[in-house]
Structures are given as C-alpha cells and as structure tokens.
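Visitor: I would like to learn how to read a model like this one. Could you take me through its features?

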Amino acid sequence: MTSVLDLAPVIPVVVLDDAADAVPLARALVAGGLPAIEVTLRTPAALDSIRAIAAEVPDAVVGAGTVITPGAVTDAVRAGARFLVSPGWTETLLTAMRDSGVPFLPGVSTTSEVVALLERGVTEMKFFPAEAAGGRPYLKSLAGPLPGARFCPTGGITPASAPEYLALPNVRCVGGTWLLPADALASKDWGRVEALAREAAALGGKRGA
C-alpha cells in the first residue's frame with residue numbers, strides 16, 4: 001500500500017457511536033476525495049464500524065486510531081483495519097504494531113521520542129497533540145536536525161491552520177475532526193460531510209516538499 005501519509009492531505013479522525021453510520025459516512029468522505037479514514041477505538045461501535053467500512057466501501061482505506069494495547073492491534077486488524085494510529089508508543093505496543101503486518105503511525109510529542117523511533121527504523125509518525133505540543137513552530141524546528149522523520153500532526157488542527165502545517169517539509173498530511181461536525185453526524189447530513197471532505201482534499205496543493 002502507498003504510505004498512509006501520502007493517501008490524502010487530510011485523514012478524517014472519526015468517532016462513531018452507531019456502526020450504522022459508518023458506511024454512509026465513509027462513502028461521503030471517499031466521494032469528497034479522502035480515502036484514508038481513521039476510526040478511533042473510543043466507542044463500543046468502533047470495531048463494527050471498521051468491519052462495515054472494510055466490507056462495503058472498497059475505495060476506502062480504513063484504519064484504527066487510539067490504538068494503545070497489543071490486544072487492540074489484533075482486534076483492529078481482524079476487523080479489517082489497513083493501518084494503525086496510536087497517540088503514543090511503548091516498546092510493547094511498537095512491537096505489536098510492527099508485527100501486525102499493516103502500516104502504522106506511532107504517536108510522538110517530543111524530540112526524544114522521534115529520535116527513538118528513527119533509531120528503530122520508523123520514519124512515519126503521528127505528532128500528537130499537535131497544537132498543545134508546540135504546533136507548527138515545533139515541527140518546523142525538527143525538520144533541520146531530523147530530516148528523516150515525516151509526520152501527520154493531529155489534535156486541535158482547523159481548516160485555517162491545516163494549510164500552514166501542510167506547507168512544512170516534514171508534514172505530509174494532517175488529521176482532523178472538523179470535517180465531521182457533531183450536528184452533521186446527528187442529522188446524517190452526508191452531503192455536508194462530502195462537501196467538507198472535498199474542501200479538505202483540495203489542500204493537497206499546500207503540501208511541503
């Protein structure tokens with residue numbers, strides 16, 4: 001599979017309370033130009049949502065987010081997750097993600113964590129929580145001394161700040177929840193979700209070198 005970071009400029013971060021919403025939501029995101037979809041393992045409906053998307057939306061590349069245990073790695077991959085995202089990492093979790101056979105983005109928020117992952121041969125990472133951990137200035141400062149690391153910053157990113165992140169040379173995509181307003185999900189306004197996805201997909205031209 002193409003690197004997760006290169007699938008689209010924005011990876012929607014999805015929290016689903018009802019698995020029945022998974023397929024129409026995924027179809028709206030894909031129609032808008034965002035095939036990579038991170039379904040977070042924060043609700044009881046998450047694994048069923050991943051199963052449904054994997055089975056019924058072939059153009060989607062569904063992944064699992066908030067992966068924090070080896071058990072969650074196993075469950076997510078069995079459900080059909082094609083990539084894994086964690087908010088942070090330990091040796092145990094990193095080993096489980098590496099052994100899963102699917103691409104993964106371990107979470108980092110400090111320089112030492114980035115160096116430790118590079119030492120282990122991991123070059124693609126989630127930067128989380130992006131805004132709280134230093135945002136664009138922090139990531140920009142890492143580009144010089146750590147040119148081998150590539151990031152998907154997530155956490156507090158908005159439509160206004162996303163282009164500024166994407167302009168950084170070490171950022172390939174961003175994770176965001178703004179494409180999924182609570183009122184749109186509640187009213188099942190998939191047309192609005194598709195429109196927001198299309199706007200986000202257009203940010204691809206802002207990507208750094």
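Guide: We will go through strands, helices, backbone angles and empty space. This is a predicted model, where local features need pLDDT of at least 70, side-chain atom pairs count only at pLDDT 80 or more, and totals for chains, interfaces and linings use all residues. Residues are numbered from 1 along each chain as its sequence is written, and side-chain values use heavy atoms, with hydrogens and water left out.

Visitor: Start with sheets. Which strands form the open sheet, and in what order?

Guide: Strands of a sheet pair through backbone hydrogen bonds, either parallel or antiparallel. Here, helices (H or I, at least four residues) and strands (E, at least two) are DSSP runs, numbered from the N terminus. Two strands pair if DSSP finds at least two bridges between them. In this model, three strands form an open sheet in the order E6-E7-E8, with parallel pairing. Strand E6 (107-108) and strand E8 (150-153) are the edge strands, each pairing on one side only.

Visitor: How many bridges join E7 to E8?

Guide: Four bridges join strand E7 (residues 124-127) to E8. Glu124 stands opposite Arg150 in E8. E6 and E7 pair over two bridges, also in the parallel sense. There, Val108 has Phe127 of E7 as its bridge partner.

Visitor: Are the side chains of E7 buried or exposed?

Guide: Use relative accessible area: buried means under 20%, exposed over 50%, partly exposed in between (1.4 Å probe, protein chains only). Glu124 and Lys126 point one way from E7, Met125 and Phe127 the other way, and all are buried.

Visitor: What about strand E2?

Guide: Five of the five residues of strand E2 (residues 36-40) are buried, so E2 is largely enclosed by the rest of the structure. Check both faces. Ala36, Glu38 and Thr40 lie on one side, Ile37 and Val39 on the other, and all are buried. Strand E1 (residues 10-14) pairs with E2 in the parallel sense over two bridges. Glu38 in E2 is the bridge partner of Val13.

Visitor: Now helices. Which residues of H5 are buried?

Guide: In helix H5 (residues 111-119), Val114, Ala116 and Leu117 are buried. They cover an arc of only 160 degrees around the axis, which puts them on the same side of H5. The arc is that of the directions from the helix axis to the C-beta atoms. On the other side of H5, Ser112 and Glu119 are exposed.

Visitor: What covers the buried residues of H5?

Guide: Look for contacts (heavy atoms within 4.5 Å). The cover includes helix H4 (91-99), E6, E7, helix H6 (135-143) and E8.

Visitor: Which residues of H6 are buried?

Guide: Gly135, Leu139, Leu142 and Ala143 are buried in H6. Their arc around the axis is only 110 degrees, which puts them on the same side of H6. Pro137 and Lys140 are exposed on the other side. What covers the buried residues of H6 includes H5, E7, E8 and helix H7 (162-166).

Visitor: Where does the backbone call for a second look?

Guide: Check omega and phi. A cis peptide bond joins Phe128 and Pro129, with omega about -10 degrees. Pro129 lies in the loop between E7 and H6. Thr66 has a positive phi of about 55 degrees although it is not a glycine. Its place is in the loop between strand E3 (61-65) and helix H3 (70-79). Thr66 is partly exposed, with a relative accessible area of 22%. Just after H5, Gly121 takes a positive phi of about 85 degrees.

Visitor: Last, empty space. What volume does the largest cavity have?

Guide: Rolling a probe the size of a water molecule over the atoms shows where empty space is left. On a 1 Å grid over the protein atoms alone, a cavity is a set of points where a 1.4 Å probe fits but cannot get out; a pocket is an open set with protein on both sides within 12 Å along at least five of seven lines; lining residues have an atom within 4 Å of a point. Grid points are joined across faces, edges and corners, and a volume is the space filled by probe spheres set on the points. The largest cavity has a volume of about 30 Å³. Its lining is Ile11, Glu38, Val85, Leu105, Lys126, Cys152, Thr154 and Gly175.

Visitor: How many residues line the largest pocket?

Guide: The largest pocket holds about 180 Å³ of space. It is lined by 14 residues, of which Val13, Thr154, Gly155, Gly156 and Thr177 lie nearest its centre.
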